[in-house]
Amino acid sequence: MAKKRNVFEDTGSDIKVHAAEKGAIEQGEASGRGAVAVWLWMLIILIVAMITVGGLTRLTDSGLSITEWDPVMGAIPPLTTSAWTAAFDAYKTTAEFTFQNMTMNISEFKIIFWWEWGHRQLGRFIGLIWFGGFTFLLVSGKLPKNLRLSVLLIGPFIGVQGLIGWLMVNSGLDGVRVDVASYWLMMHLGAAFALLGYIYWIAQISGRREVDLLQSRRIREHKLFGMSTGLMHFVALQVLLGALVAGIDAGRNYTDWPMMAGSFLPPDLFSLTPWWRNFFEDDGLVQFIHRMSAYFLFFYAIIVVRRARLSAHQVTRSAFMTVMILLLFQVVLGIITVLNSSPWSLAIFHQFTAILLWLAVVRGRFLAGYPIVTLVRSLK
């Protein structure tokens, strides 16, 4: 007896119809995005290391040990006794040596030289990783079209950062300053944080399918996204102010808290002329502004996190809670650092925590703009 056919079954064919499988285009896109994410995370880790080494270079007063900027041949360190002598003689022309390190010998000079040389080498290596990764992904066809321009801009960004670094060093080679200009240090560190945040943002985009990004954007939490944008700018401002503090060693003075030299305001405000120099070079005023900004940032973050707690997305809520924990830790660490006159160990830890806080804020803002929906499969 013939088997009855289902009314929806195709007639005249014995070919079985299978469910549609994941297409080759989507598989290729996933593979490409995965490769891009790995490459970008390599850059993120290297830039975090670069900022940390840069901080140690500053704390060891090593930044002026190399008095020339040679992006190519500068990668080769002194290899002979005469080459070391020439490098040391060039350093002797700086005000830093004349007024601060006049008793330094060549063995001591080599220590600060290797710090600065290593910092510059790491910058060159980051540039090579970007260029090699970009070229490979583009040629192999693994670079998604919607990410090409974004990752291409990383290269010029790295180049500009290197140029700012040299202008910073050059500011300390005028024969007058014993350190680099604090405002150039501020620009150099600020550009490094901006580059780090930019790459981290792209890395988060590359970790999500384009269709998921489109869908999540439709449920963007606009209020929280706007508030987190303000928080991101506020943290960036605090980083810039911290760079000014580091640039003039302001953290090693006024080691009481919450007062400054026993008063709310530091003494001898606006003693420098012209008046605008005080905002960059007066250690009391610079540290006071950094402290006040930290307080306002902390209270604004509380407002943002309270708003984030109303989010319907668990991942978003957790991200902003991480921001609050890191910020609280950073404030306490900053106070401890000041009370101990900013030893290099606490100072570099304070800077490293600022990096973690910056990344956490960028992630929180991204999740406010592109929420990850948590599906509830069952209710018990």
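Helices here are DSSP runs of H or I at least four residues long, numbered from the N terminus. With that settled, load up the model, which is a predicted one, and let's walk through it.

**Stop 1: the second largest pocket.** Start by selecting I66, E68, G74, I76 and F113. Of the 20 residues that line the second largest pocket, these five are the closest to its centre. The space inside comes to about 330 Å³. Now colour α2 (81–91) and α4 (106–139): each of these helices gives the lining at least two residues. What is the make-up of the lining in nonpolar, polar and charged residues? Colour by residue class and you should find 13 nonpolar, 3 polar and 4 charged.

**Stop 2: α4 and its partner.** Keep α4 on screen and add α5, residues 145–152. At what angle do the axes of α4 and α5 cross? The answer is roughly 160 degrees, with the axes coming within 11 Å. Angles over 145 degrees count as roughly antiparallel, so that is how α4 and α5 run relative to each other. Turn the view until one helix sits in front of the other, and check the handedness: α4 passes α5 in a left-handed crossing.

**Stop 3: N170.** Next, pick N170, which you'll find in helix α6 (residues 154–171). Is N170 buried, partly exposed or exposed? Its relative accessibility is 38%, and since partly exposed covers the range between 20% and 50%, N170 counts as partly exposed. Finally, select W184 as well and draw a distance between the two C-alpha atoms: N170 and W184 lie 14 residues apart along the chain, and the separation is 9.7 Å.

Technical notes:
Residues numbered from 1 in each chain as written. Predicted model: local features only at pLDDT ≥ 70, side-chain atom pairs only at ≥ 80, totals over all residues. Heavy atoms only, no water. 1 Å grid on protein atoms, 1.4 Å probe; cavity = no way out; pocket = protein on both sides within 12 Å on 5 of 7 lines; lining within 4 Å. Points joined across faces, edges and corners; volume = space filled by probe spheres on them. Nonpolar A, V, L, I, M, F, W, Y, C, P; charged D, E, K, R; others polar. Buried < 20%, exposed > 50% of the residue type's maximum accessible area, 1.4 Å probe, protein only. Axes fitted to C-alpha atoms, helices over the stretch in contact; angles between N-to-C directions. Parallel < 35°, antiparallel > 145°, perpendicular 65-115°, else oblique. Left-handed = near helix turned anticlockwise from the far one by under 90°.
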